[in-house]
Amino acid sequence: MATKSIKVVFLGGVGEIGKNMTAIEYGEDIIVIDCGMSFPTTEMPGVDMVIPDCSYLKENVKRIRGFVITHGHEDHIGAIPLILKDINVPVYATKLTLALIEHKLIEQNLDRYTLKTVEYGSKIRLGCMEVEFIKVSHSITGAVALSITTPKGIVFHTGDYKIDFTPVDSTRMDLIELAKVGERGVLLMLGESTNVEREGYSMSERKVGEALDKIFAANIKKRIIIATFASNVNRLQQIIDLAKKYKRHVAMHGRSMENISEMAKKIGELKTKEEFIPINKIKDYPDERMIILCTGSQGEPMSALTKMTSDNSKIKITKNDTIIISSSPIPGNEKMVYSLINNLYRKGAEVIYSALQEVHVSGHACKEELKTMLSLIKPTYFIPVHGEYRHLKQHAQLAELLGIHPTHIYVPDLGDVVEVGKGGLKKINQVRAGATLIDGVDMGGDFNLILRDRRHLAEDGVLIPIVVTEHGLVAEEPELMARGFTCGDDILNEAKKIVYSQMNTNLGKSVDDQKVAIRRALKKFLFTRCKQSPMILPIIIEH
């Protein structure tokens with residue numbers, strides 16, 4: 001029998017940026033908040049994406065009442081198509097978020113799923129818990145905070161947010177309802193921590209529109225190309241409105257830009273009566289009448305903007321282009337972004353980016369906004385989420401500064417199971433959590449060993465000795481295939497002799513023993529002679 005207390009299980013998004021996932025439990029009921037992914041680091045060669053390890057959820061799938069999603073960014077929905085294959089429970093989210101999720105499910109050829117649309121202010125019951133969806137501002141339409149009423153009290157999850165008093169869609173963050181939740185009494189608050197290091201307040205999204213307006217006015221004779229996140233529908237709306245003001249046509253370039261803009265237009269989140277110009281038709285319009293909205297603001301190698309810098313692209317960058325990169329580099333992407341900017345300059349274009357003008361604002365709350373949220377919600381207990389460990393620690397210190405007792409604050413690690421009760425916040429268990437690496441499909445197995453081998457191959461190359469035997473004896477001269485490392489013919493000839501010698505020395509032994517002997521001898525020889533340690537994979541073919 002499950003203990004009748006609130007438990008919070010941290011499966012992603014703590015001590016890291018991305019792959020957000022948290023489970024809230026009471027009795028026999030579990031609800032899962034968000035289901036995100038993160039991008040691989042340079043230490044993960046060949047990996048396409050990283051998602052949370054969901055072993056715990058798979059073990060408790062009969063208790064899961066549904067996924068509740070705070071918004072439609074990849075770090076909150078990117079893992080859903082993969083995880084729903086094993087955990088087929090209803091998914092609850094606002095209109096645009098669900099549209100983005102459904103598009104992913106269709107792409108993955110999933111035909112069994114249940115998606116349920118929620119409205120701002122609506123409430124749903126999942127088992128013994130009731131979830132209220134509260135409007136917040138963020139860099140994507142449809143973002144919500146979650147007020148989860150359990151038999152023991154309210155658990156409040158901020159989701160990702162900023163306090164924007166002049167939002168583009170004119171639908172302000174529901175500060176009144178947030179204050180009402182605080183007045184009802186919140187037992188535990190889970191608060192996003194991404195921008196805790198930034199003083200003051202985040203700028204309004206409208207500031208980007210004002211900056212873009214000035215750029216449009218100063219470039220009336222030039223073609224304008226804007227790279228931004230396709231999911232930032234409010235920014236797309238501002239750009240489309242400016243295009244109308246300056247009598248320009250809009251073309252969408254890049255798969256996600258084309259898909260999301262059409263999707264948002266279809267459901268009424270992107271408001272325009274004008275048709276987008278097909279990218280293969282832009283040559284029919286003069287430069288001063290065109291805006292190209294494209295992907296590639298992070299310098300991704302296969303993105304539309306990066307392809308434009310190559311000679312193989314159908315769209316040629318010229319001196320008559322003004323290119324606006326309306327984003328900031330995601331940590332880890334700086335090298336790719338600045339390489340892209342350099343290449344655009346080499347093509348003769350004018351390039352405008354956030355270091356030069358206010359063409360991007362953050363979607364995350366800065367320090368003063370975090371204080372405001374804590375003051376509105378007034379939680380008894382507080383756990384910082386959504387950030388690296390330094391972010392969580394600083395958010396915890398901020399909560400303490402606002403009067404929450406240090407013993408009522410907990411800084412979590414992945415896999416922690418924290419019980420919320422009369423005794424306060426108490427870690428009661430550690431479950432399997434971390435990363436599942438996706439390389440086309442789930443890599444499975446011990447992915448640490450797989451990554452170790454890939455890094456070894458990337459850094460040191462591979463040597464494959466091939467030996468043909470007949471009745472246990474070497475039938476012909478061994479062959480050596482070397483890839484990814486350099487050595488002369490004299491070294492390879494000596495290596496062949498070593499292989500031949502090891503085969504004769506180990507006559508009568510098993511094939512596995514012979515391979516081990518060859519590997520050891522070659523490893524010692526190559527390191528001594530040329531200070532290299534390639535992966536050695538002997539192949540013995542018995543006739």
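# Strand β23, a lysine and a helix pair

Mentor: Let's start with strand β23 (residues 462-470): 8 of its 9 residues are buried, so β23 is largely enclosed by the rest of the structure. Keep in mind that this is a predicted model.

Trainee: What makes a residue in β23 count as buried?

Mentor: The cut-off is a relative accessible area under 20%. In β23, 8 of the 9 residues meet it. Across the chain, buried residues make up 53% of the 543 residues.

Trainee: Which strands pair with β23, then, and how do you know that they pair?

Mentor: Pairing takes at least two bridges. Strand β25 (residues 479-483) is joined to β23 by 5 bridges and runs antiparallel to it, with Met 481 as the bridge partner of Ile 464. Strand β27 (residues 539-542) has 4 bridges to β23, in the parallel sense, and there Val 467 is partnered by Ile 540. Strand β26 (residues 535-536) is also parallel to β23, over 2 bridges, and Leu 463 stands opposite its Ile 536. Strand β24 (residues 473-474) pairs antiparallel over 2 bridges, with Thr 469 opposite Val 474. Each of these counts reaches the cut-off of two, so each counts as a pairing.

Trainee: What lies between β23 and β24?

Mentor: They form a hairpin with 2 residues between them, and His 471 in the turn has a positive phi of about 55°.

Trainee: Let's move to Lys 19. Why is Lys 19 called buried?

Mentor: Its relative accessibility is 3%, and the cut-off is under 20%, so Lys 19 counts as buried. You'll find Lys 19 in the loop between β1 (6-12) and β2 (21-26).

Trainee: What makes its approach to the side chain of Glu 16 a polar contact?

Mentor: The limit for such an N or O pair is within 3.5 Å. The side chains of Lys 19 and Glu 16 come to 2.9 Å, so the pair qualifies. A polar atom of the Lys 19 side chain also lies 2.9 Å from the backbone oxygen of Gly 434.

Trainee: Now the helices. Why are α5 and α11 called oblique?

Mentor: Helix α5 (residues 175-184) and helix α11 (residues 367-377) have axes that cross at roughly 50° and come within 7 Å. Under 35 degrees would count as roughly parallel, and 65 to 115 as roughly perpendicular. Roughly 50° falls in neither range, nor is it over 145, so the two helices are oblique to each other.

Trainee: Which residues meet there?

Mentor: From α5, Leu 175, Leu 178, Ala 179 and Gly 182; from α11, Met 373, Leu 376 and Ile 377. That contact divides into 6 nonpolar residues, 1 polar and no charged.

Trainee: One more. What makes β7 and β20 edge strands?

Mentor: Each pairs on one side only, which is why β7 (115-117) and β20 (424-430) are the edges. They end an open sheet of 8 strands, in the order β7-β6-β5-β3-β2-β1-β19-β20, with mixed pairing. Strand β6 (residues 91-93) runs parallel to β7 and is joined to it by 3 bridges, with Tyr 92 opposite Lys 116.

Trainee: How is helix α4 set against β7?

Mentor: Helix α4 (residues 95-107) lies across β6 and β7, at about 165° to β7. Angles over 145 count as roughly antiparallel, so that label fits α4 and β7.

Notes:
Residues numbered from 1 in each chain as written. Predicted model: local features only at pLDDT ≥ 70, side-chain atom pairs only at ≥ 80, totals over all residues. Heavy atoms only, no water. Buried < 20%, exposed > 50% of the residue type's maximum accessible area, 1.4 Å probe, protein only. Polar contact = N/O pair within 3.5 Å; in protein donor to acceptor, adjacent residues only side chain to side chain. Axes fitted to C-alpha atoms, helices over the stretch in contact; angles between N-to-C directions. Contact = heavy atoms within 4.5 Å. Nonpolar A, V, L, I, M, F, W, Y, C, P; charged D, E, K, R; others polar.
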